[in-house]
Amino acid sequence: MAMTAAQSPVPASHAPAAAPTQQLINTQQADWTQQLGERIAWSLDEAQDAVIELHPAELGSLSVRVEMRGNDAQVTIVAASTASRDLLQQSLPQLRELLSVQGLNLARAQVERSTMDSELVGMES
């Protein structure tokens, strides 16, 4: 007797975690910070990490992790380059405001550069 996908022998609670999803954000568009905020909110809703490719390509990618602690969101973003880290650091106040509109309190935002000697740049409320 053949099993259908709905009759999978692996219980949902034991299924492997979903891999981070990828998305492209063009930082040359005026609404790129809004796109990032929407992606962070989606990551929270889906309980998934996200990998975001930035355009122009020399900015590299971002790895986004969102954790909830009570009603507060804690966001860690690992940037592939110093330029993307600096761009994100400048946009943190706008990102906080955008997430607030979506009902999320950004209690802590941390931006790291993905190197062995990562520099941490954070913002806490």
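**Exercise 1. Strand E5**

Determine how many of the nine residues of strand E5 are buried, and describe the surroundings of Arg-108.

Solution. Seven of the nine residues of E5 are buried, and the strand is mostly covered. The structure is a predicted model in which local features need pLDDT of at least 70 and side-chain atom pairs count only at pLDDT 80 or more, while totals for chains, interfaces and linings use all residues. Residues are numbered from 1 along each chain as its sequence is written, and side-chain values use heavy atoms, with hydrogens and water left out.

Buried means under 20% relative accessible area, exposed means over 50%, and partly exposed lies in between (1.4 Å probe, protein chains only). Strands (E, at least two residues) and helices (H or I, at least four) are DSSP runs, numbered from the N terminus.

Arg-108 lies in E5. Its relative accessibility is 32%, so Arg-108 counts as partly exposed. The C-alpha atoms of Arg-108 and Val-75 are 6.2 Å apart, although 33 residues separate the two in sequence.

**Exercise 2. The order of elements and the strand pairs**

Which pattern does the chain follow along the sequence, and in which sense, parallel or antiparallel, do E2 and E3, E3 and E4, and E4 and E5 pair?

Solution. Start with the inventory: the chain has two helices and six strands. Read along the sequence, these follow the pattern β-α-β-β-β-α-β-β.

Next, take the pairs; two strands pair if DSSP finds at least two bridges between them. E2 and E3 are antiparallel over four bridges. In this pair Ile-52 has Leu-62 as its bridge partner, and Ala-50 has Val-64. E3 and E4 are also antiparallel, over eight bridges, with Leu-62 opposite Ala-79. E4 and E5 pair in the parallel sense over eight bridges, and here Ala-73 stands opposite Leu-106.

Finally, look at the faces of E2. Ala-50, Ile-52 and Leu-54 form the covered face, and Val-51, Glu-53 and His-55 the uncovered one.

**Exercise 3. Backbone geometry in the turns**

Find the cis peptide bond, and find the turn residues with a positive phi in the hairpins E2-E3 and E3-E4.

Solution. The cis bond joins His-55 and Pro-56, with omega about 5°. Pro-56 is in the loop between E2 and E3. The hairpin of E2 and E3 has five residues between the strands, and Gly-60 in this turn has a positive phi of about 80°. The hairpin of E3 and E4 has two residues between the strands, with Gly-70 at a positive phi of about 70°. As background, most residues other than glycine have a negative phi, and most peptide bonds are trans.

**Exercise 4. The helix contact**

At what angle do the axes of H1 and H2 cross, and which residues make the contact?

Solution. Axes are lines fitted to C-alpha atoms, for helices over the stretch in contact, with angles from 0 to 180 degrees between N-to-C directions. On this basis H1 (residues 32-46) and H2 (residues 82-101) cross at roughly 65°, and their axes come within 9 Å.

From H1 the contact (heavy atoms within 4.5 Å) takes Trp-32, Thr-33, Gln-34, Leu-36, Gly-37, Ile-40 and Ala-41; from H2 it takes Leu-87, Leu-88, Ser-91, Gln-94, Leu-95, Leu-98 and Leu-99.

**Exercise 5. The nonpolar core**

How many residues does the largest nonpolar core have, and which element gives the most to it?

Solution. A nonpolar core is a set of buried Ala, Val, Leu, Ile, Met, Phe, Trp, Tyr and Cys residues joined through side-chain atoms within 4.5 Å. The largest has 25 residues, and Leu-36, Ile-40, Leu-62, Val-64 and Leu-88 have the most contacts inside it. H1, E2, E3, E4, H2 and E5 each supply at least two residues of this core. H1 gives the most, with five.

Then follow one member. Leaving aside neighbours within four places in sequence, Leu-88 is in contact with Trp-32, Leu-36, Leu-62, Ile-77, Ala-79 and Val-111.

**Exercise 6. Ala-80**

Where is Ala-80 located, and which residues does Ala-80 touch?

Solution. Ala-80 is in the loop between E4 and H2. At 39% relative accessibility, Ala-80 counts as partly exposed. Not counting residues up to four places away in sequence, Ala-80 touches Leu-59, Gly-60, Ser-61 and Ser-114. The C-alpha atoms of Ala-80 and Ser-114 are separated by 5.3 Å, with the two residues 34 apart along the chain.
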